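Biologist: Could you take me on a close look at the aromatic side chains in this one, and whatever sits around them? I'd like the walk-through in one go, please.

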Amino acid sequence: MNPYLLRACVCAVFLTVVLAPQRGAAQTDTVRVGSHPLRPLTVGVDTVEVYRVTDGTRALTGLNIIVRTAEHADGRRVIRMTSEEGQNRTDARIDAVTHQLVRFDRRSPMDSTAFALQGNCFDGWSDFPNRPRKVIQCVAAADRFGSGVLDAFVVGALPLRSDFATRIATFDAYGDITSFPVRVTGMDTLRTAGRTFPTWRVERQSIANGRTAGSAGTAAPLRMEITTTWWVDSVRGRVLQERLTVNAGGNKQESLRVLRNP
């Protein structure tokens with residue numbers, strides 16, 4: 001489960017989230033940096049429209065501007081990716097071919113984190129509301145992909161095909177070693193920006209355990225079923241659309257992200 005997306009979507013409703021693995025899901029990581037040939041990242045500027053969806057009706061809530069430029073960092077060729085969405089800002093350096101995360105810096109009103117690859121380890125810190133600073137000190141995660149706002153780029157770079165299913169090993173945006181499952185559930189013809197694209201429909205499902213909003217004495221346990229669906233251009237490997245659905249105790253929340261310049 002992607003903590004970045006979950007917090008962005010439901011932070012106003014839920015106080016705390018404790019992740020639980022999806023029942024029946026394999027726990028073995030199968031895709032790591034260098035284990036599969038991936039589509040390389042390219043330079044460019046993307047504008048992503050962000051919608052809240054209620055009963056099938058979209059309401060535009062903001063724009064996510066993503067800029068990718070070619071640079072060199074720590075002796076390797078990288079793509080620097082900056083992302084701005086409201087008050088949330090991310091600045092990451094990613095190996096242009098392997099997608100190895102080299103540096104990551106994220107700032108938001110809720111939490112912030114910064115870490116960098118030193119040899120085979122990540123070093124840095126993460127800050128959360130009302131908690132002591134979390135120190136990231138020589139965490140051996142050099143063979144894992146970045147997570148959070150970087151998920152769409154990793155999914156789009158995978159060698160997708162019919163019945164493709166795997167887990168992606170990640171070092172997430174909050175300094176934790178983790179992984180998440182993805183599977184291709186079919187192909188769709190997606191029409192966007194006046195054009196038609198054949199796309200792979202890729203899905204991730206997970207379960208989270210949280211608590212309802214309220215004082216310490218009134219908050220109750222809450223089970224959340226979270227589904228992320230990406231529609232990936234089958235020719236170019238770009239994520240054209242992303243849908244996040246959170247079902248918490250019968251309360252369904254949905255958001256949609258649409259690439260304006262496919």
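Modeller: Sure, and keep in mind that this is a predicted model. Searching the whole structure turns up four aromatic pairs. One of them is phenylalanine 115 with phenylalanine 122, an edge-to-face pair with 5.3 Å centre to centre and 80 degrees between the planes. Both partners are tucked away: phenylalanine 115 is buried at a relative accessible area of 4%, and phenylalanine 122 is buried too, at 0%.

Phenylalanine 115 also pairs with phenylalanine 171. Here the ring centres are 4.9 Å apart and the planes stand at 85 degrees; anything over 60 counts as edge-to-face, so that is the label this pair gets. What does this pair link along the chain? It brings together distant parts: phenylalanine 115 belongs to strand β7 (residues 112-118) and phenylalanine 171 to strand β11 (residues 165-171), 56 residues apart. Phenylalanine 171 is buried, just as phenylalanine 115 is. Put Phe104 alongside Phe115, Phe122 and Phe171, and you have one aromatic cluster.

Two other rings have a charge for company. Arginine 133 places its charged end over the ring of tryptophan 125, 4.0 Å from the ring centre. Arginine 131 does likewise with phenylalanine 128, its charged end sitting over that ring at 5.3 Å from the centre.

Now for the cysteines. The structure has one disulfide, made by cysteine 121 and cysteine 138, with 2.3 Å between the sulfur atoms. Cysteine 121 is in strand β8 (residues 121-127) and cysteine 138 is in strand β9 (residues 134-139), so the bond ties together parts 17 residues apart in sequence. How covered are the two ends? Cysteine 121 is buried, with a relative accessible area of 12%, whereas cysteine 138 is partly exposed at 47%.

One last stop, away from the rings: strand β16 (residues 251-259). This strand is mostly covered, with seven of its nine residues buried. Strand β2 (residues 44-54) runs antiparallel to β16 and is joined to it by six bridges, while strand β15 (residues 239-248), also antiparallel to β16, is joined to it by eight. Leucine 256 in β16 is a handy landmark: it is the bridge partner of tyrosine 51 and also of arginine 243. Between β15 and β16 there is a hairpin with two residues between the strands, where glycine 249 takes a positive phi near 60 degrees.

Note on methods: Residues are numbered from 1 along each chain as its sequence is written. This is a predicted model: local features need pLDDT of at least 70, side-chain atom pairs count only at pLDDT 80 or more; totals for chains, interfaces and linings use all residues. Side-chain values use heavy atoms; hydrogens and water are left out. Rings of Phe, Tyr and Trp (its six-membered ring) pair if their centres lie within 6.5 Å; planes under 30 degrees apart count as stacked, over 60 as edge-to-face and the rest as tilted. Buried means under 20% relative accessible area, exposed over 50%, partly exposed in between (1.4 Å probe, protein chains only). Helices (H or I, at least four residues) and strands (E, at least two) are DSSP runs, numbered from the N terminus. A charge sits over a ring if NZ of Lys or CZ of Arg is within 6 Å of the ring centre and within 35 degrees of the ring normal. A disulfide is a pair of cysteine sulfur atoms within 2.5 Å. Two strands pair if DSSP finds at least two bridges between them.
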